[in-house]
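Let's take a walk through a protein together. Keep the picture open beside you and look up each place as we come to it.

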Amino acid sequence: MSDFSSLEQETLAAIDAAADETALEAVRIAALGKKGTISALLSGLGKLPPEARKEQGAAINLLKEKVTAALALRRAGLKEAALQARLAAETLDVTLPARVSPLDLGRLHPISQVTDELAAIFAEMGFSIAEGPDIETDDYNFGKLNFPPDHPARDMHDTFFLAAGASGERKVLRTHTSPVQVRTMLTQKPPIRVICPGRTYRCDSDQTHTPMFHQVEGLVIDKQANLGHLKWILQEFCKAFFEVADVKMRFRPSFFPFTEPSMEVDIQCSRKGGEIRFGEGEDWLEILGCGMVHPNVLRNCGLDPDVYQGFAWGIGIDRIAMLKYGMPDLRAFFEADIRWLTHYGFRPFDVPTLLSGLSN
Ligand code: DAH
């Protein structure tokens, strides 16, 4: 019987010595590949006489089995070692503090945040957003809103007028978002439910006034919209916006040319310790103007006041932002001071929704 023990020893030693899976594969091919040593022995069997063939065949097959088993064992060992090495090399220390990326440093301006909050609240109530230009015609800003020509209410707005164009028409920087009501009624059929957030301009500047500021207009027009609906909407809005369970509101008679009756709305608050809190206290704070849309305005916008009626309101966005987030000076809003923005700004990916919370 032929002795294959030296071939066996060599091959098993080579298997043991293989440092990685590539080296091991080379050993396998050298022994069991088409031209491998063991394969050669097997194919040589045919030339042997039957007796010798039987004997040698058994011995070669035994050798082949041993080598195959040793290869499998070594392969498993190498795989495991490779995995362990990789795990060790790719260890992640989750206790390390996160590196600050530019995305973490960016902040949304409180005005953008509050505008998003308003949109989230009113979207939930079925409102869509309407927009208009900052440079507005005198007619849309005043005329169609029932301001008579030369009426002192126009002065009340401290209007910025632009130089007259070729036609002699003098445009204005819109003094309020109410002209977007006009644009909406002229282009959409009732029922209408829109809010119109945007920039507005008046020649005025002190701690609570800046020449450019922001308003959000609300407009509802259909056949039955009434003051009861308006009250409910404003109540729900205030609760959602200020994130309190209840707010007391007070509707005072007022005057706007474009609403009849007109009202101003105060909400109850406490001013204890110089800090304003809603849902408690005995003080009142004015936050918005509102009323039933004046029949003249409906008529000016092509709607029949005998068929349609509705209500509108206007809120100063900057003002409610200051109230909600305790920012004392409006002028800081527009100074682009990165330290102020870092302190008062909002993380851009924390999108406000009623479900997940508006401001956290
Ligand atoms: N446009 C008014 C202003 O700027 C605010 C306002 C009051 C808007 C009453 C309205 C409203 O829609 O009904 O002072």
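How many Å separate a polar side-chain atom of Gln 181 from an oxygen atom of the ligand? The distance is 3.0 Å, which fits the usual cut-off for a polar contact (a pair of N or O atoms within 3.5 Å; within protein, one must be able to donate a hydrogen and the other to accept it, and residues adjacent in sequence count only if both atoms are side-chain atoms). Before going further, note that this is a predicted model, where local features need pLDDT of at least 70 and side-chain atom pairs count only at pLDDT 80 or more, while totals for chains, interfaces and linings use all residues. Residues are numbered from 1 along each chain as its sequence is written, and side-chain values use heavy atoms, with hydrogens and water left out.

Gln 181 has company. An N or O atom in the side chain of Arg 202 lies 2.7 Å from an oxygen atom of the ligand, and for a polar side-chain atom of Gln 215 the distance to a ligand oxygen is 2.9 Å. On its own the ligand exposes 360 Å², and the protein buries 92% of that (areas from the Shrake-Rupley method with a 1.4 Å probe).

Now look at the residues around the ligand. There are 15 of them, and the closest are His 176, Ser 178, Arg 202, Gln 215 and Glu 217; to count as near, a residue needs a heavy atom within 4 Å. By type, this shell has five nonpolar, eight polar and two charged residues (Ala, Val, Leu, Ile, Met, Phe, Trp, Tyr, Cys and Pro are nonpolar, Asp, Glu, Lys and Arg charged, and the others, Gly among them, polar).

Next, find two special peptide bonds. Pro 190 and Pro 191 are joined by a cis peptide bond with omega about 5°, and Pro 191 is in the loop between helix H9 (179-187) and strand S4 (192-201). Helices (H or I, at least four residues) and strands (E, at least two) are DSSP runs, numbered from the N terminus. Another cis bond links Glu 260 and Pro 261, with omega about -5°; Pro 261 lies in strand S7 (residues 259-270).

Finally, step back to view the protein by domains. Domain 1 covers 2-89 and domain 2 covers 104-344, with bounds that come from an automatic or database domain assignment. Their C-alpha centres lie 85 Å apart.
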